Amino acid sequence: MSHSSQSASSSIRLDAGTHWICTCGASKNFPHCDGSHKGTAFQPLALELETAKIVEISK
Amino acid sequence: MKIIIRDDIPAASSRNQRLAKPVIDLATAPYAILVLRVSLGLLFVAHGGLKVFTFTLPGTAQFFISIGLPGFLAAPVAIAEILGGLLLLAGIYTRWVALVLFPILLVATFKVHGANGWLFSNEGGGWEFPALFAIACIVQFLLGDGAWAIGSIGQRRASN
């Protein structure tokens with residue numbers, strides 16, 4: 001799995017399971033939530049995958 | 001924010017993924033394999049039984065010697081044919097049994113029937129039948145168990 005942190009868009013392969021996706025944009029580990037939304041109105045998005053998928057996320 | 005989710009298709013798709021779907025009908029293929037497996041099993045049991053009960057082992061050994069094969073092979077070949085045939089009928093270690101039986105048929109094709117010409121109805125039997133029989137063994141090796149094989153019951157349980 002490749003982490004392309006702090007880019008506007010990232011395409012990553014996510015395994016099956018639940019992934020917390022950053023929605024506030026403050027995560028240093030984007031697109032994964034790292035808890036940086038604390039103090040903002042944003043909550044991470046729970047992405048549940050039944051099988052491994054290629055996920056492309058743009059801010 | 002935009003999220004695009006695509007199927008994860010491995011770049012280097014394996015041989016199975018490339019061939020499994022387009023070339024065979026998975027609904028009927030296991031029964032085709034079963035038919036081949038049972039035919040081969042019956043044929044092997046019949047030929048092994050022929051060597052033991054009709055020709056008898058000393059008779060088979062004599063026949064082997066007459067065509068330039070070592071006589072001591074008579075019993076091992078007869079046992080391999082009967083045991084291998086039964087394993088094929090039951091569908092136990094199908095692939096490996098078929099692979100082990102293949103050399104017997106190569107010898108039958110080249111040493112036993114090779115000199116009789118190709119036509120099956122030639123005197124002594126032409127080599128086309130043992131050649132087809134040998135190829136059928138390799139086909140069985142490539143196909144595996146098929147339907148109703150005892151050997152694959154455990155696997156099926158494990159995958160459920």
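Which strand of chain B does S4(A) pair with, and in which sense, parallel or antiparallel? In this predicted model, S4(A) pairs with strand S1 of chain B, residues 2-7, and the two run in the antiparallel sense over six bridges. One position can be named on each side of this pairing, since Ile54(A) has Arg6(B) in S1(B) as its bridge partner.

**Chain A**

Chain A contains four strands and zero helices, and its elements, read from the N terminus, follow the order β-β-β-β. Of its 59 residues, 29% count as buried, and the accessible surface of the chain comes to about 3400 Å², with carbon and sulfur atoms accounting for 50% of that area. Among the contacts in chain A with a separation of 6 or more, 56% join residues that are 24 or more positions apart.

Strand S4 of chain A, which spans residues 53-58, shows an alternation of its side chains: Lys53(A), Val55(A) and Ile57(A) point to one face and are buried, whereas Ile54(A), Glu56(A) and Ser58(A) point to the other face and are not buried. Ile54(A), the residue bridged to Arg6(B), therefore belongs to the face that is not buried. The loop between strand S2 (17-21) and strand S3 (45-49) of chain A holds Pro31(A), and the peptide bond that leads from Phe30(A) into Pro31(A) is cis, with omega near 10°.

**Nonpolar cores**

The largest nonpolar core has 15 residues, and those that touch the most other members are Leu40(B), Phe44(B), Leu88(B), Leu101(B), Leu105(B), Phe133(B) and Cys137(B). Helices H2 (29-54), H4, H5 and H6 of chain B each supply at least two residues of this core, and H5(B) gives the most, with five residues. When residues up to four places away in sequence are not counted, Cys137(B) touches Leu40(B), Phe44(B), Ala98(B), Leu101(B), Phe102(B) and Leu105(B). A second, separate core consists of nine residues, including Cys22(A), Phe30(A), Leu47(A) and Val55(A). Two of these names have already appeared: Phe30(A) precedes the cis peptide bond to Pro31(A), and Val55(A) is on the buried face of S4(A).

**Exposed residues of chain B**

Two loop residues of chain B, neither of them glycine, have a positive phi, namely Tyr93(B) and Trp148(B). Tyr93(B) is found between helix H4 (74-90) and helix H5 (94-112), while Trp148(B) lies between helix H6 (128-143) and helix H7 (153-159). The table sets out their values.

| Residue | Phi | Relative accessible area |
|---|---|---|
| Tyr93(B) | near 50° | 61% |
| Trp148(B) | near 55° | 66% |

Both residues count as exposed because their relative accessible areas, 61% for Tyr93(B) and 66% for Trp148(B), are over the 50% cut-off. Val23(B), found in helix H1 (residues 15-23) of chain B, also counts as exposed, because its relative accessibility is 58%. Together with Ile24(B) and Leu26(B), Val23(B) makes a nonpolar surface patch of about 290 Å².

Terms used:
Residues are numbered from 1 along each chain as its sequence is written. Chains are lettered from A and ligands numbered from 1 in the order in which they are written. This is a predicted model: local features need pLDDT of at least 70, side-chain atom pairs count only at pLDDT 80 or more; totals for chains, interfaces and linings use all residues. Side-chain values use heavy atoms; hydrogens and water are left out. Patches are made of residues with over 30% relative accessible area and no salt bridge: like charges are joined within 9 Å, nonpolar side chains (Val, Leu, Ile, Met, Phe, Trp, Tyr) within 5 Å. Accessible areas come from the Shrake-Rupley method with a 1.4 Å probe; for residues, only the protein chains shown count as cover. A salt bridge is a side-chain nitrogen of Lys or Arg within 4 Å of a carboxyl oxygen of Asp or Glu. Buried means under 20% relative accessible area, exposed over 50%, partly exposed in between (1.4 Å probe, protein chains only). Contact means heavy atoms within 4.5 Å. A nonpolar core is a set of buried Ala, Val, Leu, Ile, Met, Phe, Trp, Tyr and Cys residues joined through side-chain atoms within 4.5 Å. Two strands pair if DSSP finds at least two bridges between them.
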